[in-house]
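The following note is offered to a colleague who will work through the structure point by point. Please read it with the sequence and the coordinates at hand.

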Amino acid sequence: MADYDFDAIQQRWRPVWDQLDLFAAGTGTGERRYLLDMFAYPSGDLHMGHAEAYAYGDAIARYWFHRGYDVLHPIGWDSFGLPAENAAIRRDLNSADWTYANIETQAASFRRYATSVDWRARLHTSDPSYYRWTQWLFLRLFERDLAYRKRSAVNWCPVDQTVLANEQVIAGHCERCGNEVTKRDLTQWFFRITSYADRLLDDMAGLEGHWAARVLTMQRNWIGRSPGAYLDFVAGDTTISVFTTRPDTVFGATFLVLAADSTLAASLCTDALRDEFEAYREQIGHESEIDRMSPERAKTGVFLGVYARHPFSGVRVPIWASDYVLTGYGTGAIMGVPAHDQRDLEFARAFDLPVVPVSADSPDGAGATPADGMRVNSDFLDGLMRDAAIERVVEEAVARGVGRPGVNYRLRDWLVSRQRFWGCPIPIIHCPRCGSVPVPDDQLPVTLPDLRGADLAPKGVSPLAAARDWVEVSCPSCDGPATRDTDTMDTFVDSSWYFLRYCSPAYESGPFDPAAVARWAPVDQYVGGIEHAILHLLYARFFTKVLKDIGLIDFDEPFRSVLNQGQVILNGAAMSKSKGNMVDLAEQIDTYGVDAVRLTMLFAGPPEDDIDWADVSPSGSVRFLTRVLRLAGEVAAPLGTDPAHGDPDLRRITHRLLRTITEQVEQHHFNVAVARTMELTNAARRIGAADPAVREAAEAIAVVLSLFTPYAAEEMWARLGHAPGIARAGWPAIDPSLAAEPTVVCAVQVNGKVRARLEVPADISAAELETLALASPAAQGVTVVRTVVRPPRLVNLVV
Ligand code: ANZ
Ligand code: ZN
């Protein structure tokens with residue numbers, strides 16, 4: 001590899017670039033563009049996943065720089081959070097020291113990786129100068145009743161000893177440690193994201209085509225809007241409202257089921273059945289929501305000993321309690337329609353309850369039917385089809401005062417308090433007289449107490465509670481003795497607004513400078529992992545809408561376009577420390593160089609796909625880079641030579657491939673762009689090095705490669721006689737006449753006689769040419785028995 005000493009090349013150009021300060025925001029002359037990479041958790045050095053994501057983000061930003069856009073490409077760290085805290089506890093280090101040491105390690109790796117970021121636009125969410133504004137924003141939500149405290153059953157991780165948001169519970173297990181999550185009754189802080197459910201859904205229409213379809217679907221399902229109705233059943237002096245998406249089946253309701261863990265069930269249960277009820281409640285206390293929703297489980301439940309009156313027929317229906325009805329959804333009460341709901345049917349069979357079909361769809365015998373036929377056994381609904389019946393029954397319910405239309409969401413309010421140390425303190429003071437009192441804005445930030453030496457092991461209450469001097473304060477409102485809230489915020493709060501702070505990271509009069517945000521935001525292109533498809537993206541969208549309503553910004557959606565890259569895996573499996581199948585990024589870079597690692601990632605396939613590191617060839621990338629560097633060194637036509645007299649074929653290839661490469665880069669098909677660049681390199685190496693067309697091709701290759709392999713590209717640029725700074729050299733101009741696809745005339749024969757002529761691309765495939773020929777006038781009105789296709793100039797139809 002005599003031609004390619006990547007270490008020397010890396011060392012040569014890094015200091016030169018620092019000096020040139022190539023990527024400062026505000027230095028482009030064109031339209032402004034904001035490229036955002038999801039920021040990193042500083043829980044160690046950069047890994048392969050980072051390298052992949054940043055390779056894509058960097059290619060896009062660098063392309064924009066070449067295009068002359070005014071680019072903001074910032075960098076920062078999501079530096080609060082459990083991983084840092086747990087690591088700190090394990091290693092007996094201070095969380096802050098540990099975090100900031102990791103940040104410095106990662107920053108050095110980012111510099112070596114040569115990402116095109118503006119280091120001035122740098123932030124860390126754990127800096128008091130940042131979290132001061134996270135707290136300030138919390139208080140704005142508090143003022144608007146969008147942040148509130150509530151006692152409720154919450155997800156509790158017994159290992160991490162903290163509550164978790166619904167979003168952090170994956171199939172009943174803690175997202176962080178993988179342990180089973182239990183329920184606890186605790187008073188916690190919530191953000192009222194449910195008030196934004198409709199807007200979060202509706203505004204997705206504008207993201208269509210710019211966000212991956214699967215991400216939009218995941219968000220829609222997460223929000224889970226179900227239009228339906230509430231219907232009131234009356235038991236004595238208690239009204240039981242049920243939520244149903246199928247009010248048209250109400251005449252088939254033969255029982256009610258209440259969530260067994262609801263207060264309503266407990267209050268309705270008769271004394272005679274109380275012991276049985278309590279035993280059942282005890283039994284289901286440990287079940288996760290996932291288990292309870294599982295359709296496979298046998299139905300269990302208890303009769304409460306009471307009955308309710310049907311809102312339309314007046315018939316008495318028994319009231320049961322079961323675990324398959326969830327407390328947190330709808331009203332926690334359902335009407336059982338066993339003929340048309342499978343879960344209700346299983347319940348009815350288990351407890352011998354009547355099944356009354358109300359739809360004339362052909363029953364399949366075993367299961368409930370979807371009730372899509374004509375209504376029967378349904379009084380005033382008889383004869384109506386589904387949608388008409390829904391409309392009619394809701395009208396009637398409203399008229400009789402026994403129900404109303406209603407919409408339900410799967411989305412729950414966002415639980416934001418955590419009983420952990422390494423997070424943003426909640427800026428609230430609890431006063432026995434005044435209640436929850438906000439810390440006055442001018443006393444922000446509420447900084448974390450120094451807990452050096454304290455026992456940080458999780459105990460179920462925040463370790464901050466142990467810092468008595470910090471906790472005990474006087475009430476800002478009445479001056480009496482009061483205590484600080486000792487919880488910290490979910491780190492997803494920190495990351496819900498960082499893209500705004502990036503526009504003016506040092507701003508001190510507010511969370512962001514309105515002028516800077518007006519200039520840069522919203523983000524044009526966001527790049528990051530699919531694992532954030534729901535949580536982070538939804539929360540950031542929510543924050544954006546709240547800030548718009550507060551009047552701090554004037555747009556509704558934070559990210560115009562999102563690219564979610566796949567993962568780097570090994571031998572078909574996700575890499576993990578516990579499995580011991582990690583590929584170490586630093587090692588790969590030491591072996592192959594930054595450029596070859598980047599190129600390998602970009603060349604592996606479309607960004608959305610996973611990259612199996614066992615299937616790719618970083619040494620192949622090294623060989624390619626060796627070839628291009630040699631090409632640049634061999635170019636003999638002097639700098640500034642007019643390529644007009646160069647080899648016309650190579651010139652056409654250069655401009656045609658450049659056009660394709662440009663299109664592919666714009667569509668983020670970097671693998672195709674790399675393949676075309678390789679093609680161009682091969683074509684250039686076939687012509688004598690003195691030909692001016694070879695210089696033209698080599699320069700184009702260098703600029704294209706500067707998106708992917710910045711060091712090698714800079715080295716080529718130098719070998720080609722240019723001053724350093726290829727990153728801002730400008731995108732090569734494409735000559736449209738040279739780039740035009742060449743066409744040829746194809747004769748279409750019928751039984752050997754020319755009957756039509758077609759103008760077709762010179763590189764047309766046999767299949768395409770056959771299709772064209774069969775659609776041509778020559779093939780009309782005849783029966784073709786055989787075709788002879790000789791692309792691109794001849795097709796013979798045998799009739
Ligand atoms: C009667 C009925 C008849 C229903 C029928 C469905 C089919 P989605 O679409 O998810 O919103 N339900 C309501 N609240 C519930 C709770 N807390 N726990 C469990 N199930 C609950 O589902 C709405 C349907 O799920 C509701 O409509 C209700 O059953 C049930 F042929 O009411 B349905
Ligand atoms: Zn007070």
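1. A charge is taken to sit over a ring if NZ of Lys or CZ of Arg is within 6 Å of the ring centre and within 35 degrees of the ring normal. Arg33 satisfies this with respect to Trp64, lying over the face of the ring at 5.3 Å from its centre. A further case is Arg484, whose charged end sits over the ring of Trp470, 5.4 Å from the centre. Please note that the model is a predicted one.

2. The zinc ion (ligand 2) deserves inspection. Its protein donors are the SG atoms of Cys431, Cys434, Cys475 and Cys478, which lie 2.2 to 2.4 Å from the ion. The angles among the 4 donor atoms run from 106 to 113°, and the site of the zinc ion (ligand 2) is tetrahedral. Along the chain, the donors follow the spacing C-x2-C-x40-C-x2-C. Distant parts of the chain are linked here by Cys431 and Cys475, 44 residues apart: Cys431 is in strand β19 (residues 428-431), and Cys475 is in the loop between β21 (472-474) and β22 (481-484). Both Cys431 and Cys475 are buried.

3. Aromatic pairs number 42 in the structure. In one of them, the ring centres of Trp133 and Trp136 are 5.8 Å apart and the planes stand at 65°, so the pair is edge-to-face. Both residues belong to helix α5 (residues 128-143), where they are 3 residues apart, about one turn of the helix. Trp133 and Trp136 are both buried.

4. The pair Phe303 and Tyr307 is also edge-to-face, because the planes of the rings are at 70°, with the centres 5.6 Å apart. Phe303 counts as partly exposed, at 22% relative accessibility. Tyr307 is likewise partly exposed, with a relative accessible area of 34%.

5. One aromatic cluster should be examined as a unit. It is formed by Phe138, Phe142, Trp189, Phe191, Tyr196, Trp414, Phe492, Tyr539, Phe542 and Phe543.

6. Is Thr600 buried or exposed? Thr600 is buried, because its relative accessible area is 3%, under the 20% cut-off. Thr600 is placed in helix α19 (residues 594-603). Leaving aside neighbours within four places in sequence, Thr600 is in contact with Trp613, Val616, Ser617, Pro618 and Ser621. By comparison, Gly551 is 49 residues from Thr600 along the chain, and the C-alpha atoms of Thr600 and Gly551 are separated by 45 Å.

Terms used: Residues are numbered from 1 along each chain as its sequence is written. Chains are lettered from A and ligands numbered from 1 in the order in which they are written. This is a predicted model: local features need pLDDT of at least 70, side-chain atom pairs count only at pLDDT 80 or more; totals for chains, interfaces and linings use all residues. Side-chain values use heavy atoms; hydrogens and water are left out. Helices (H or I, at least four residues) and strands (E, at least two) are DSSP runs, numbered from the N terminus. Buried means under 20% relative accessible area, exposed over 50%, partly exposed in between (1.4 Å probe, protein chains only). Contact means heavy atoms within 4.5 Å. Rings of Phe, Tyr and Trp (its six-membered ring) pair if their centres lie within 6.5 Å; planes under 30 degrees apart count as stacked, over 60 as edge-to-face and the rest as tilted. Donors are N, O and S atoms within 2.8 Å of the metal (3.2 Å for Na, K and Ca); water is not among the atoms, so sites may look incomplete. Four donors count as tetrahedral if all angles lie between 85 and 135 degrees; four count as square planar and six as octahedral if opposite donors are over 155 degrees apart and all others between 65 and 115; anything else is irregular.
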